[in-house]
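Student: Please take a close look at one part for me: the cavities and pockets. I would like the residues and the numbers.

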Amino acid sequence: MKTTIYYFSATGNSLQMARNLANELDNCELVSIAKAIQQENVETNSERIGLIFPVYAWGMPRIVTDFTAKLKLKDQRYIFAIATCVAIPGNTLLELQKLLKQKGANLDAGFAVSAGRSSLIKKNKLDEIVICLDSKRKKIKNGDARLIEIASAIKNLEKRPPETSSWGANIFSSMLHNVALKSFKTFDSTFMITDACKACGNCVKVCPRSNITLENNRPVFHHNCELCHACIQWCPCFAIQHSNFDGSLKQYHHPAIRMSDIIAA
């Protein structure tokens, strides 16, 4: 049985999860969402379809929502998803389930796993409140710990309800997600380039939205931002900052993922 996994990954957490899962499944194809979304329609003949992506502001990244709208699902397929989250998943997988139902499909299994922090945005009081409201947060395990369990469920076509946070956290996280997504697209207007920039162009190469160009040896942002932090985290000079930047944090990407992997995606 063939499996196609569509993944979105800016700093490597979801890509590594996709790679590890593909190694456990026979006849598995990995497809980058950042590449696939450039097509007018996305189709596959695979019997099993997976989506693996990070949680952004307690919900789905905009690029994953846009990709799901392009995904053609003519026949009944087994569909699963894995949301990688730094803190809590919120309603992310329920949001995906709703989108799939609008297309006449169903999310057969949805898993939430923890991952390393890839965002350098400062946490605020609302963030802390939402996290504290989630009574399930301490039970979230990382992808390595759940790999065999998840792979077994997919192989056996098991039906698993989408994993979410507790109801209180879900209510507030959904509200915050809807507000946050409206600002993400143009958040790059607050980005600042320090004098450390060497105009290497890596930020242009890793951007999943092709939102960055080099002009006069300086990155220019064109207000179609995912706020994925790929440009910041992969900059060899750490030269990109923004208005809500947490300077106490160091650059991060998954240790098993190279920048060439992200560029290829």
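Tutor: The largest cavity holds about 90 Å³ of space. A cavity is a set of points, on a 1 Å grid over the protein atoms alone, where a 1.4 Å probe fits but cannot get out. Volume is the space filled by probe spheres set on the points, which are joined across faces, edges and corners. The model is predicted: local features need pLDDT of at least 70, side-chain atom pairs need 80 or more, and totals for chains, interfaces and linings use all residues. Residues are numbered from 1 along each chain, and side-chain values use heavy atoms, without hydrogens or water.

Stay with the largest cavity. Its lining has 14 residues, each with an atom within 4 Å of a point. Cys207, Ile212, Cys225, Cys228 and Cys231 lie nearest its centre. Eleven lining residues are nonpolar, two polar and one charged. Here Ala, Val, Leu, Ile, Met, Phe, Trp, Tyr, Cys and Pro are nonpolar; Asp, Glu, Lys and Arg are charged; the others, Gly among them, are polar.

The structure has two cavities of 30 Å³ or more. The second largest holds about 80 Å³. It too is lined by 14 residues. Cys197, Cys200, Cys203, Pro219 and Cys235 lie nearest the centre of this second cavity. Its lining splits into twelve nonpolar residues, one polar and one charged.

Now the pockets. A pocket is an open set of points with protein on both sides within 12 Å along at least five of seven lines. Start with the second largest, because one name returns. Cys207, one of the residues nearest the centre of the largest cavity, is also among those nearest the centre of the second largest pocket. Ala34, Pro208, Ile262 and Ala265 are there as well. This pocket has about 190 Å³ of space and 16 lining residues. Helices H2 (33-36), H8 (202-206) and H10 (259-264) each supply at least two of them. H10 gives the most, three residues. Helices (H or I, at least four residues) and strands (E, at least two) are DSSP runs, numbered from the N terminus. The lining counts ten nonpolar, four polar and two charged residues.

The largest pocket has a volume of about 870 Å³. Of its 39 lining residues, Tyr56, Ala57, Ser119, Ile121 and Phe184 sit closest to the centre. By class there are 21 nonpolar, 14 polar and four charged. Helix H1, strand S4 (78-85), helix H5 (125-133) and helix H7 (167-184) each give at least two lining residues. H7 makes the largest share, with six.

Two of these suppliers also pack together. The axes of H5 and H7 lie 8 Å apart, at about 150°. Axes are lines fitted to C-alpha atoms over the stretch in contact, with angles from 0 to 180 degrees between N-to-C directions. H5 and H7 are therefore roughly antiparallel, the word for angles over 145 degrees. Contact means heavy atoms within 4.5 Å. From H5, Leu126, Val130 and Leu133 take part; from H7, Gly168, Ala169, Phe172, Ser173 and Leu176. That contact has six nonpolar residues, two polar and no charged ones.

H1 (residues 13-24), another supplier of the largest pocket, packs elsewhere too. Its axis comes within 10 Å of that of H6 (residues 143-155), and the two cross at roughly 45°. From H1, the contact uses Met17, Asn20, Leu21 and Glu24. H6 contributes residues including Leu147, Ile148, Ala151 and Lys155. This contact divides into seven nonpolar, two polar and three charged residues.

Technical notes
Angles under 35 degrees count as roughly parallel, over 145 as roughly antiparallel, 65 to 115 as roughly perpendicular and the rest as oblique.
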